[in-house]
Amino acid sequence: METQYDIEIMTQVTGMLQSLPREGRSRDYTKILELVDAYLLKHCKHVFVTDYIEVDAERGQNIQYCEKCYVSSNP
């Protein structure tokens, strides 16, 4: 049975895994990251929020993400 604690741990794991630049990730590393993301998508009781980010000086974009696990609602 999953708990909020599990989600918090997996969220921390995702943050650490994503800190390695994409070009430094092996196929296995990428697979682990995908598995952790899939776990979060399946088990977190998502609470999505909408935010606005600046893409560059002249453009912005609305994004949605879960405030608990930070998974994007539109990956």
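**A walk from Thr11 into the core**

Setting aside neighbours within four places in sequence, Thr11 touches Leu40, Lys68, Cys69 and Tyr70, where contact means heavy atoms within 4.5 Å. The model you are looking at is predicted, so local features need pLDDT of at least 70 and side-chain atom pairs count only at pLDDT 80 or more, while totals for chains, interfaces and linings use all residues. Residues are numbered from 1 along each chain as its sequence is written, and side-chain values use heavy atoms, with hydrogens and water left out.

Let us stay with Thr11 for a moment. This residue sits in helix 1, which covers residues 4-18; helices here are DSSP runs of H or I with at least four residues, numbered from the N terminus. Thr11 counts as buried because its relative accessible area is 14%, and the cut-offs are under 20% for buried, over 50% for exposed and partly exposed in between, using a 1.4 Å probe and protein chains only.

Two of the contacts of Thr11, Leu40 and Cys69, lead us inward. Both belong to the largest nonpolar core, a group of nine residues: Ile7, Leu17, Leu33, Val36, Leu40, Cys44, Cys66, Cys69 and Val71. Such a core is a set of buried Ala, Val, Leu, Ile, Met, Phe, Trp, Tyr and Cys residues joined through side-chain atoms within 4.5 Å. Helix 1 and helix 2 (27-43) are the elements that give two or more residues to this core, and helix 2 gives the most, with three. In soluble globular proteins, nonpolar side chains tend to be buried together.

Now look at Cys69 itself. With neighbours within four places in sequence left aside, Cys69 is in contact with Ile7, Thr11, Leu40, Cys44 and His46. Cys69 is buried, at a relative accessible area of 4%, and Cys66 is buried too, at 0%. Why is there no bond from Cys66 to Cys69? The closest cysteine sulfur to that of Cys66 is the one in Cys69, and at 3.8 Å it is too far away for a bond. A disulfide is taken as a pair of cysteine sulfur atoms within 2.5 Å, and the whole structure holds zero of them.

Our last stop returns to Tyr70, another contact of Thr11. The structure has one aromatic pair, formed by Tyr65 and Tyr70, which are stacked at 6.4 Å centre to centre with 25 degrees between the planes. Rings of Phe, Tyr and Trp (its six-membered ring) pair if their centres lie within 6.5 Å; planes under 30 degrees apart count as stacked, over 60 as edge-to-face and the rest as tilted. Tyr65 is partly exposed because its relative accessibility is 23%, whereas Tyr70 is exposed, at 57%.
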